[in-house]
Amino acid sequence: MKNFFSLKNVFTVRNLTIMALLAALDVVLARFTTIHISAQFTLVSFEYIPSTIVSALFGPWAGLVFGIVSDTVGYFSNPIGPYLPVWAISAIVANLIAAIFLYRGKFSWWRIIIVRLLVMIIVTMGLNFIWQSLYFGASASLFFNTARIISNIVQLPIQVILIRIFGKLSLNAVDRSLAAHKSF
């Protein structure tokens, strides 16, 4: 956990460029690969991949900023339902969980499984249930949370595999980029 909360070398031009590309990918994934049951409930989405990678590679501060930016830009690029700024808190918490377990590119199977289970329990079943209860009522939230539990259990193995694959690929790409940058 040495330098875990350090801002040193987090927001360099190279890192910001990588984060901007991943934020654009996040918005594209949210727009074109998300399946909604209703405006309040997402059944399947792949936008967790870029945010998890940013948190794993660059740490909690990058994950925090990425969560706010990607959630806000993602909503305004494809508005479905009302804009609820509290959803950014869910994105931030999910990214902080990813940063705690995966920081510095530790994409082991068990770490990824723990991250996805914690995100499922704390963010999806916890915070998202609270936000939906506040805005849409407890009975609607209970219905969506039941469907969300099933959806998350079905998606868990897919999420773990995709994070492992794309995490390793992005780690290799960033390492090559850093090596090329140092050779100049």
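Contact here means that heavy atoms lie within 4.5 Å. With that in hand, welcome to a predicted model of a protein chain with 6 helices and 2 strands. Phe-58 makes a good starting point: leaving aside its neighbours within four places in sequence, Phe-58 is in contact with Val-10, Asn-15, Ile-18, Met-19 and Tyr-103. From there, the points below take in the whole chain, the nonpolar core, the aromatic rings and a few individual residues.

**The chain as a whole**

- Reading from the N terminus, the elements follow the order α-β-β-α-α-α-α-α.
- The protein chain has 184 residues, and buried residues make up 43% of them.
- About 9700 Å² of the protein chain is exposed, and 73% of that area is supplied by carbon and sulfur atoms.
- Take the contacts between residues at least 6 apart in sequence: 72% of them join residues at least 24 apart.

**The largest nonpolar core**

- In soluble globular proteins, nonpolar side chains tend to be buried together.
- The largest nonpolar core in this model has 31 residues, and the members touching the most other members are Val-54, Leu-57, Phe-58, Leu-102 and Phe-107.
- At least two residues of this core come from each of H1, helix H2 (48–58), helix H3 (60–77), helix H4 (87–102), helix H5 (109–136) and H6.
- H2 gives the most to this core, with 7 residues.

**Asn-15, a contact of Phe-58**

- Asn-15 belongs to helix H1, which covers residues 13–32.
- Is Asn-15 buried or exposed? Its relative accessibility is 3%, and buried means under 20%, so Asn-15 counts as buried.
- Beyond the residues up to four places away in sequence, Asn-15 touches Asn-9, Val-10 and Phe-58.
- The side chains of Asn-15 and Arg-14 are joined by a polar contact of 3.1 Å.

**Aromatic rings**

- The model holds 4 aromatic pairs.
- In one of these, the ring centres of Tyr-75 and Phe-76 are 5.1 Å apart; their planes stand at 80°, and over 60 degrees counts as edge-to-face, so this pair is edge-to-face.
- Tyr-75 also pairs with Tyr-83, where the ring centres are 5.1 Å apart and the planes are at 45°, so that pair is tilted.
- Through ring pairs, Tyr-75, Phe-76 and Tyr-83 are linked into a cluster.
- How are the members of this cluster placed with respect to the surface? Tyr-75 is buried, with a relative accessible area of 17%, Tyr-83 is partly exposed at 29% relative accessibility, and Phe-76 is exposed at 54%.
- Elsewhere, Tyr-48 has the charged end of Arg-116 sitting over its ring, 4.7 Å from the ring centre.

**Two residues of helix H6**

- Ile-158 lies in helix H6, which spans residues 138–183.
- With a relative accessible area of 43%, Ile-158 is partly exposed.
- Which residues does Ile-158 contact, leaving aside its neighbours within four places in sequence? They are Phe-46 and Tyr-48.
- Ile-158 and Phe-46 are 112 residues apart along the chain, while their C-alpha atoms are separated by 9.9 Å.
- Asn-152 is also placed in helix H6.
- Asn-152 has a relative accessible area of 8%; the cut-off for buried is under 20%, so this residue is buried.
- Outside its neighbours within four places in sequence, Asn-152 is in contact with Met-120, Thr-124 and Met-125.

**Ile-92 in helix H4**

- Ile-92 has its place in helix H4.
- At 16% relative accessibility, Ile-92 counts as buried.
- Not counting residues up to four places away in sequence, Ile-92 touches Leu-64 and Ile-68.
- The C-alpha atoms of Ile-92 and Val-123 are separated by 9.6 Å, with the two residues 31 apart along the chain.

Technical notes. Residues numbered from 1 in each chain as written. Predicted model: local features only at pLDDT ≥ 70, side-chain atom pairs only at ≥ 80, totals over all residues. Heavy atoms only, no water. Helix = DSSP H or I, 4+ residues; strand = E, 2+ residues; numbered from the N terminus. Buried < 20%, exposed > 50% of the residue type's maximum accessible area, 1.4 Å probe, protein only. Polar contact = N/O pair within 3.5 Å; in protein donor to acceptor, adjacent residues only side chain to side chain. Core = buried A, V, L, I, M, F, W, Y, C linked by side-chain atoms within 4.5 Å. Phe/Tyr/Trp six-rings, centres within 6.5 Å; stacked < 30°, edge-to-face > 60°. Lys NZ or Arg CZ within 6 Å of the ring centre and 35° of its normal. Areas by Shrake-Rupley, 256 points an atom, 1.4 Å probe, with all protein chains shown as cover.
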